Amino acid sequence: MDRIKISDDVSLSRIIYGMWRLTDDSNTSPSYISQKIEACLEQKITTIDQADIYGGYEAEELFGAALKENGYRDKLEIVTKCGIIAPVGRFKNSRVKHYNTSKEHISQSVELSLKLMNTDYIDLLLLHRPDPFMNAEETGYILDSLIEQGKVREVGASNFKHHDFSLLQSHMNNNLVTNQIEISVIANQCFVNGDVAFMQERRLPIMAWSPLAGGKIFGKGNEKLMNLLKDMAKFHNSTPTGIAIAWLLAHPANIMPVMGTNSLSRIKSLADACNVNLDMQSWFEIYETANGQEVP
Ligand SMILES: NC(=O)c1ccc[n+]([C@@H]2O[C@H](COP(=O)([O-])OP(=O)(O)OC[C@H]3O[C@@H](n4cnc5c(N)ncnc54)[C@H](OP(=O)(O)O)[C@@H]3O)[C@@H](O)[C@H]2O)c1
């Protein structure tokens, strides 16, 4: 498993396991979550993606209970996010769904994430969404301050456009080290709309969320693409999942897919994509089939 250096001090596994869907699983016991983490570790997938809001603000606590039991904290890099307030769970009394990137909220959210996950540091904190009401000076200040306090090792963004990223960065001493955005064979607009190019220009790696389009690549309307992925899988002795993820790994932008399956058997083969090397024409064949047209 390759590793991607996001700073002088921190590196992440090239493939990351995400826990957005953790509470959709019928089994959320610490021992079962530990089995999922062990399956990742066996493949040298050491980075876990979380967010305060996952599972209606409950996923971090479930993960933390597993960490307490299995003692794996030091074998992992923990990524978590903050900034979205949805009127559920601990925020059920909010009148509207909104974003809060104030220093008080970010600071309180990090404190709670640390407590719930039974850890005293977060490897990478991301602002979950660009906030149209953000005071960049205040937000930048608190992110720097959390790094200085040692509560967070690195900070980054999620779903930011380049102007959001540049604005926040302009108010910070530390570097924003990544942007986590949606990328998959289907959600591929980022390759031409500037999102990927901006990160490449900044020499920064990208985290790709929903790299299988949340399972949509297996569903209705994508049969032609799936048949191509199956054919390529036969040729490469892999699976459609392996090919779809290898398509992201093949791109020169240092993309780290954040995979979200709850199935233990699928988790056990998350690293399979690393054995597939797609050539340029295969990359375009997938791209053009997904888009339903040739490049001009
Ligand atoms: N920053 C953000 O705003 C943001 C947004 C969304 C997600 N994320 C992160 O990205 C992670 C991954 O997102 P995701 O879960 O949407 O990723 P994904 O890996 O694209 O999709 C996972 C979904 O696909 C299904 N799936 C996987 N393999 C399948 C197969 N062979 N056949 C049928 N269905 C299959 C899974 O079902 P099974 O569980 O049954 O395998 C699961 O429902 C999240 O956990 C989270 O950490 C971040």
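This is a short tour of the ligand site and a few aromatic rings, with something to select at each stop. Keep in mind that you are looking at a predicted model.

**Stop 1: the ligand**

Select the ligand and show the residues around it. There are 27 of them, and Arg21, Asp49, Ser210, Thr261 and Arg266 come nearest. What mix of residues makes up this shell? Colour by residue type and you'll find 10 nonpolar, 12 polar and five charged. Now switch on a surface for the protein: the space taken by the ligand is the largest pocket.

**Stop 2: polar contacts**

Zoom in on the oxygen atoms of the ligand. Start with Arg21, where a polar side-chain atom lies 2.6 Å from a ligand oxygen. Next, click on Asn262: here a backbone N or O atom sits 2.8 Å from an oxygen atom of the ligand. Then try Gly18, which also brings in a backbone N or O atom, this one 3.3 Å from a ligand oxygen. How much of the ligand does the protein bury? Taken alone, the ligand exposes 920 Å², and 84% of that is buried by the protein.

**Stop 3: the aromatic rings**

Leave the ligand and show the side chains of Phe, Tyr and Trp. The count comes to nine aromatic pairs. For one of them, select Trp283 and Phe284: the ring centres are 5.4 Å apart and the planes stand at 75 degrees. An angle over 60 degrees counts as edge-to-face, so that is what this pair is.

Are these two residues buried or partly exposed? Trp283 has 12% relative accessibility, so it counts as buried, while Phe284, at 34%, is partly exposed.

Keep Trp283 selected and add Tyr287. Their ring centres are 5.2 Å apart with the planes at 25 degrees, so this pair is stacked. Trp283 therefore takes part in an edge-to-face pair with Phe284 and a stacked pair with Tyr287.

Notes
Residues numbered from 1 in each chain as written. Predicted model: local features only at pLDDT ≥ 70, side-chain atom pairs only at ≥ 80, totals over all residues. Heavy atoms only, no water. Near = heavy atom within 4 Å. Polar contact = N/O pair within 3.5 Å; in protein donor to acceptor, adjacent residues only side chain to side chain. Areas by Shrake-Rupley, 256 points an atom, 1.4 Å probe, with all protein chains shown as cover. 1 Å grid on protein atoms, 1.4 Å probe; cavity = no way out; pocket = protein on both sides within 12 Å on 5 of 7 lines; lining within 4 Å. Sits in = over half its atoms within 2 Å of the grid points. Nonpolar A, V, L, I, M, F, W, Y, C, P; charged D, E, K, R; others polar. Phe/Tyr/Trp six-rings, centres within 6.5 Å; stacked < 30°, edge-to-face > 60°. Buried < 20%, exposed > 50% of the residue type's maximum accessible area, 1.4 Å probe, protein only.
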